[in-house]
Amino acid sequence: MNPVILITGASRGIGAATALQAARAGYTVVVNYRANELAAESVVRQIREMGAKAIAVQADVADEAEVLAMFATIDAQLGPLRALVNNAGVVDVASRVDKMTVTRMKRIFDTNVIGSMLCAREAVLRMSTRHGGSGGAIVNLSSVAATLGSPGQYVDYAASKGAIDAFTVGLAREVATESIRVNAVRPGIIDTDIHASGGQPGRAQHLAATIPIQRPGIAGEVASAIVGCSAVVPATPRVHCSMWAVDVRFGGLGHAPAAETAHWPNA
Ligand code: NDP
């Protein structure tokens with residue numbers, strides 16, 4: 001039976017590219033989405049056309065009841081989860097901190113941080129050998145914003161990704177002896193709809209001139225790093241608790257551990 005992978009926010013962008021690459025790597029794929037059912041179903045259709053298995057499951061990751069219902073659907077329809085990619089994430093329009101509302105701050109943290117932690121909790125309950133599971137892998141989507149802070153743009157978003165980095169290190173250490181590997185992938189500027197949702201549709205292209213290779217990254221390039229870190233499928237290289245940078249700013253498009261990586265067990 002093919003291992004089951006859940007990718008949150010997989011209806012488009014990096015999540016959709018990851019879903020397609022995971023299917024090619026031999027996973028049965030759960031395509032989670034919040035609102036865009038048509039886009040999610042299109043990803044599922046593309047996976048089925050490859051001869052792989054996929055289902056779309058709607059859930060707002062920031063809503064605990066919806067997350068619980070999503071995991072119950074996966075348990076019932078596909079069996080034990082072996083990999084989770086905490087990809088769903090949001091930004092808001094460019095703003096200084098002194099202009100940010102509490103509603104905005106809570107939306108960013110509820111989706112990017114609490115959503116990832118809720119999904120990780122449910123995944124650990126199913127994967128951990130401590131709970132009778134067979135092990136697995138969790139990949140969290142961080143961002144280079146976690147190290148740069150995004151001043152004048154979205155410090156709230158950057159802070160949420162900093163929280164993801166700390167969560168990744170802590171969870172990795174917590175479940176290290178329970179056959180679960182936890183990693184984070186930290187993309188640089190990737191050309192997806194997220195920039196339009198932050199009110200800057202051309203942002204990735206506008207910043208191209210500041211990037212050594214003169215173009216933003218594309219979703220598929222990040223997806224390769226994510227699927228590599230997921231690595232439940234045998235014979236794929238395995239890593240445990242690293243922050244993997246996929247960052248075109250420094251001229252490299254491959255993925256390599258970030259300079260400030262906290263490598264288990266030295267973290
Ligand atoms: P997109 O905006 O292109 O896609 C976001 C996806 O997340 C969509 O599938 C959307 O679903 C889903 N989503 C949003 N909110 C929720 C929620 N509450 N519950 C479930 N799903 C949700 O984003 P990207 O592909 O660009 O980004 C993916 C991840 O990569 C994010 O975590 C982001 O922070 C991170 N990242 C992106 C970078 C970039 O430059 N693009 C750089 C660094 C990190 P729906 O379609 O239904 O709305």
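These are my notebook entries on helix packing and the ligand shell in a predicted model.

**Entry 1: confidence**

I looked up the pLDDT before anything else. The chain averages 89. I noted that 86% of the residues score at least 70. Residues 248-267 stay under 50 in pLDDT. The model still has 40 contacts beyond four places in sequence for that stretch. Where pLDDT is low, predicted coordinates should not be read in detail. I left the contacts of residues 248-267 at that count.

**Entry 2: the ligand shell**

Next I went to the ligand. I found 32 residues around it. G9, G13, N36, G89 and T192 are the closest. Then I asked which elements give two or more residues to this shell. They are α1, β2 (28-33), α4 (102-127) and α7 (194-197). Helix α1 gives the most, with three residues. I also sorted the shell by class. It has 14 nonpolar and 14 polar residues, plus four charged ones.

**Entry 3: α1 against α2**

I turned to the packing of α1, which spans residues 13-24. Its partner here is α2, residues 37-49. The angle between them is about 20 degrees, and the axes lie 10 Å apart. Angles under 35 degrees count as roughly parallel, so α1 and α2 are roughly parallel to each other. Their crossing is right-handed. From α1, I listed A16, A19, L20 and A23. They meet V43, Q46 and I47 of α2. By class, this contact of α1 with α2 holds six nonpolar residues, one polar and no charged.

**Entry 4: α1 against α9**

Helix α1 also packs on α9, residues 219-230. I read an angle of about 55 degrees, with the axes 8 Å apart. That makes α1 oblique to α9. The crossing of α1 and α9 is right-handed. On the α1 side I have G13, I14, A17, T18, Q21 and A22. On the α9 side I have A219, G220, V222, A223, S224, I226, V227 and S230. The α1 and α9 contact divides into eight nonpolar and six polar residues, with no charged ones. I marked G13 in particular. It meets α9 as part of α1, and it is listed among the residues closest to the ligand.

**Entry 5: α3 against α4**

Last, I checked α3, residues 64-78, against α4. They pack at about 35 degrees, and their axes are 10 Å apart. α3 passes α4 in a right-handed crossing. What meets what here? I found E64, V67 and F71 of α3 meeting L118, C119 and E122 of α4. The class split for α3 and α4 is four nonpolar, no polar and two charged. Helix α4 also turned up in Entry 2, as one of the elements giving two or more residues to the ligand shell.

Note on methods: Residues numbered from 1 in each chain as written. Predicted model: local features only at pLDDT ≥ 70, side-chain atom pairs only at ≥ 80, totals over all residues. Axes fitted to C-alpha atoms, helices over the stretch in contact; angles between N-to-C directions. Helix = DSSP H or I, 4+ residues; strand = E, 2+ residues; numbered from the N terminus. Parallel < 35°, antiparallel > 145°, perpendicular 65-115°, else oblique. Left-handed = near helix turned anticlockwise from the far one by under 90°. Contact = placed C-beta atoms within 7 Å. Nonpolar A, V, L, I, M, F, W, Y, C, P; charged D, E, K, R; others polar. pLDDT = per-residue confidence, 0-100. Near = placed C-beta within 6 Å.
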